[in-house]
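Notebook open, structure loaded. I want to go through the pocket first and the sheets after that.

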Amino acid sequence: MAVRLPAQLARRWSLPWRARRGRVARCRTALSRAVALELAVAEIVRDLSRQTPRRPRLPGQAPQPADLALVFCSTAFASDLQRLLPLLREAIPARHWLGCAGGGVVGTGPDGVPHELEQQPALSVTLLDLPGADLQLFQLEGDALPDLDGPSQQWIQWVGADPQRGRSMLLFVDPGCPAINDLISGLDYAYPGVAKVGGIAGQHSATHGSLFFDDRVVGGAVGCLIGGRWRIEPVVAQGCRPIGPVFAVEKAERNVLQLLSAGDQRGTPVACLQAILETLPPAEKELVRNSLFLGVARSSFQLGGPDDGLQRPAFLVRNLIGVDPRNGAVAVAERVRVGQQVQFQLRDAGASRQEQEQLLGDLQRRVGQPLAALLFACLGRGEGLYGRADGDVELASALFPRLPIAGAFCNGEIGPVDGTTHLHGYTASWGFLLDDPTPEPEV
């Protein structure tokens, strides 16, 4: 049943669904590595102004503002965050502002080449002109969530955005926000079928938050529900490859695996892993020491051979957080249940490249060229994973030439796996902005 928001909850920053006549979709981006905030802002303003189309205007007429400005700033500027938005808004016309600080910044400079700038001062600003967009921005305090067992309308009224008008959601969460997983679950509950992409902002020692919302720096969570003719296509690359068979969970308690089985093989998780190790080459055995994870299936389809046409489960990759040598049990950073399927996973640069090339290649064949892409990557990726900078954005640029890319390195990445939104680690969570017209909703 459709839920209608009370009139007093209609947000003043919602854009009408119908496009203004003659408007053209456009993405303008700028990236600065300047170490002083004023210099970074001046460089951003200069590069964005050079990309602004020159149209004849009446005397005194203001330039057409962008629909949405996305700002990603390095935590190196943490003490200056409250000065950033006023400086940008004074020089750049945009209706709405959204973004976060991060441990690193992703952005695209005037040469059209995207870069990942880690652990250094950096500022990235993206201006989006989205004719036909319906944008509902929201800011949540995060310390008093509605009841997950209550009606979804409580969540909808708390957020203040109409789910009937939304197709996708950008979501940024402050690292000090409590119950982040409950927040994400509640938004899935209230906005089902809405693809959610984003991340947890970077930590810093300043007393204010890490999120940008219109003219303020805030904590909690901020986001934008996107509708009309625009949507975000998510791609979550977890950067792992499986080793050994898919096991069924025979015995478990909460997040502790106690007994696994695969065909005739049955044993503790440690015994099953030892059997896998015997089949691995030396290089992979070394990876197991530092880069071992567990994939937890999100569905329970029966597995078959590689060409049998059966659907396989989507694995949610999670950290292994402890081993009990007395009984061979393993603790994993996810609740598991009897009958669920799991598989050990290794994480390395080669696996990450191969997985991401496949996922992005599939996307390119399905949707063609997006207007822009957003990347929210784990702090453990980047040079730490690939051995050099720009590892993720170069893969995307090879498939989507001249695609503007922006984003941040996060303390946790938000994106869907098998239709459910999760908080990830070591992941590249992508959002590709697509102009995807749909019939105008009935009034």
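**Pocket.** I looked up who lines the largest pocket, and α7 gives the largest share, with eight residues. This is a predicted model, so I keep that in mind for everything below. I noted α7 as residues 349–367. The other elements that each put at least two residues into that lining are β13 (230–237), β14 (240–242), β19 (315–324), β21 (341–347) and β24.

How much space lies in the largest pocket? I get about 900 Å³. There are 26 lining residues, and closest to the centre I find V236, Q238, A314, E355 and L359. Then I sorted the lining by character: 15 nonpolar, six charged and five polar.

**Sheet with β24.** Since β24 turned up in the pocket lining, I checked where that strand sits. It belongs to an open sheet of six strands, ordered β7-β12-β8-β9-β24-β25, and the pairing is mixed. Which strands are at the edges? I have β7 (133–140) and β25 (420–424), each pairing on one side only. From one strand to the next, the twist averages 20°.

Next I went into the β24 and β25 pair. Strand β24 covers residues 413–417, and five bridges join it to β25, the two running antiparallel. I picked out one residue here: P416 has T421 in β25 as its bridge partner.

I also looked for a helix packed on this sheet. Helix α4 (residues 180–190) lies across β7, β8 (168–173), β9 (195–200), β12 (221–228), β24 and β25. I read its direction as about 160° to β25.

**Sheet with β1.** Another open sheet of six strands goes β1-β6-β2-β3-β10-β11, again with mixed pairing. Its edge strands are β1 (26–32) and β11 (216–218), which each pair on one side only. I noted an average twist of 15° from strand to strand.

How do β2 and β6 run, parallel or antiparallel? Strand β2 (residues 68–74) and strand β6 (residues 123–129) are antiparallel, joined by six bridges. Across that pair, I see V71 standing opposite V125 in β6.

Which strands does each helix lie across? I logged helix α1 (residues 37–51) across β1 and β6, running at about 150° to β1. Helix α2 (residues 81–91) lies across β2, β3 (97–102), β6, β10 (211–213) and β11. For α2 I wrote down about 145° to β2.

Terms used
Residues are numbered from 1 along each chain as its sequence is written. This is a predicted model: local features need pLDDT of at least 70, side-chain atom pairs count only at pLDDT 80 or more; totals for chains, interfaces and linings use all residues. Side-chain values use heavy atoms; hydrogens and water are left out. Two strands pair if DSSP finds at least two bridges between them. Helices (H or I, at least four residues) and strands (E, at least two) are DSSP runs, numbered from the N terminus. Axes are lines fitted to C-alpha atoms, for helices over the stretch in contact, and angles run from 0 to 180 degrees between N-to-C directions. Contact means heavy atoms within 4.5 Å. On a 1 Å grid over the protein atoms alone, a cavity is a set of points where a 1.4 Å probe fits but cannot get out, and a pocket is an open set with protein on both sides within 12 Å along at least five of seven lines; lining residues have an atom within 4 Å of a point. Grid points are joined across faces, edges and corners, and a volume is the space filled by probe spheres set on the points. Ala, Val, Leu, Ile, Met, Phe, Trp, Tyr, Cys and Pro count as nonpolar, Asp, Glu, Lys and Arg as charged, and the others, Gly among them, as polar.
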